[in-house]
Amino acid sequence: MADREKILRYFKAGGDEQLAAKLLDLAEAANKSRKYKVSEFLDPHAYNVAEIIVANYDNVKLEANGGFNNAERVKVAFVSEEFYGQPDFGMAYYQACWDKRYYDLSHRDVLGAFMGTGLKREALGDIVFVPEGCQFVVEKALTNYINSNLIEIGSAPVELKEIAVEDLHQKEEKVKLINATVADLRLDAVAAAGYGVSRSHMADEIKSLNVKLNWKEVKKAAQSVAEGDIISFRGRGRVEVAEVKGTTKKGRISVTLKRFI
């Protein structure tokens, strides 16, 4: 049996105690019921928390599904080793269409419209743009509510259609390599180089809680980053610190960044 208090103490320092407690409840319920329990949609950081938790159970394994291949946001199932069926992740798949002659909508617009109906972020998986509009994955229990309430995105009237998982388009990400030099490996300096903005502007964005590091909110511009870290800037996508090459003759640090567009 996993030591619940020890696990929660481990996550408390990083501010993840509440998330860990919810996932521990699911793992323990799966273990006791000898079946499975499914989470809400998790971002990659929360998924890492789930992986650490399941490692403390001998008789529970973790399965993940986000609808799209290589989905960023997934639901996880804590599955008892004594359960031999397939977990039902409880997901529904939608395509939203609008008149692209008059409306140019973004990921932020779709997310804002979804949350504007009163639903929480954890009920929504990935959003992928397609020629007709966009596709997204949601909690299956919410389909009636979504059908009745998600009628506009931005100012654009939308036509919603529930589709089969086989009709989901696969995600295509464009990556731009950025070679830059920075004064130091502070978050504001590296993020400014990755997104092509001034360091002072990025510091203001961090202060406004618009920037995350490894999918966690960051409040301090002076937070250090390292190779492999992922920076996300609200409405501007993600930047990966692909390589820290070393110091130049002028004392600056040479880095290679991957900007996911």
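A disulfide is a pair of cysteine sulfur atoms within 2.5 Å. The views below show a predicted model, and the first of them applies this cut-off.

**View 1. Cysteine 97 and cysteine 134 in a structure with zero disulfides.** The sulfur of cysteine 97 has its closest cysteine sulfur in cysteine 134, at 8.3 Å. Because a disulfide requires the two sulfur atoms to lie within 2.5 Å, this separation is too far for a bond. The same pairing holds from the other side, since the cysteine sulfur closest to that of cysteine 134 belongs to cysteine 97. The surroundings of each residue are described by relative accessibility: cysteine 97 counts as partly exposed, at 23%, whereas cysteine 134 is buried, with a relative accessible area of 0%.

**View 2. Glutamate 28 in helix H2 and its polar contact with arginine 4.** Glutamate 28 belongs to helix H2, which covers residues 17-33. With a relative accessible area of 14%, glutamate 28 is classed as buried, because that class takes in values under 20%. The side chain of glutamate 28 forms a polar contact, at 3.2 Å, with the side chain of arginine 4.

**View 3. The largest nonpolar core, with 33 residues.** Leu23, Ile53, Phe78 and Val137 are the residues with the most contacts inside this core. At least two core residues come from each of helix H1 (4-12), H2, strand E1 (36-42), helix H3 (44-54), strand E3 (74-80) and strand E4 (91-97). H2 provides the largest share, seven residues. Apart from this core lies another, of 23 residues, which includes Ala192, Leu213, Val218 and Phe233.

**View 4. Isoleucine 53 and the residues that it touches.** When residues up to four places away in sequence are not counted, isoleucine 53 touches Ile7, Phe11, Ala20, Leu23, Leu24, Ala27 and Phe78. Two of these partners, Leu23 and Phe78, are listed together with Ile53 among the residues with the most contacts inside the largest nonpolar core.

**View 5. Glutamate 166 in the loop between strands E9 and E10.** Strand E9 (159-163) and strand E10 (175-182) are the elements on either side of the loop that holds glutamate 166. The relative accessibility of glutamate 166 is 65%, and the residue therefore counts as exposed, a class that requires a value over 50%. Proline 131 is 35 residues apart from glutamate 166 along the chain, and the C-alpha atoms of the two residues are separated by 17 Å.

Notes:
Residues are numbered from 1 along each chain as its sequence is written. This is a predicted model: local features need pLDDT of at least 70, side-chain atom pairs count only at pLDDT 80 or more; totals for chains, interfaces and linings use all residues. Side-chain values use heavy atoms; hydrogens and water are left out. Helices (H or I, at least four residues) and strands (E, at least two) are DSSP runs, numbered from the N terminus. Buried means under 20% relative accessible area, exposed over 50%, partly exposed in between (1.4 Å probe, protein chains only). A polar contact is a pair of N or O atoms within 3.5 Å; within protein, one must be able to donate a hydrogen and the other to accept it, and residues adjacent in sequence count only if both atoms are side-chain atoms. A nonpolar core is a set of buried Ala, Val, Leu, Ile, Met, Phe, Trp, Tyr and Cys residues joined through side-chain atoms within 4.5 Å. Contact means heavy atoms within 4.5 Å.
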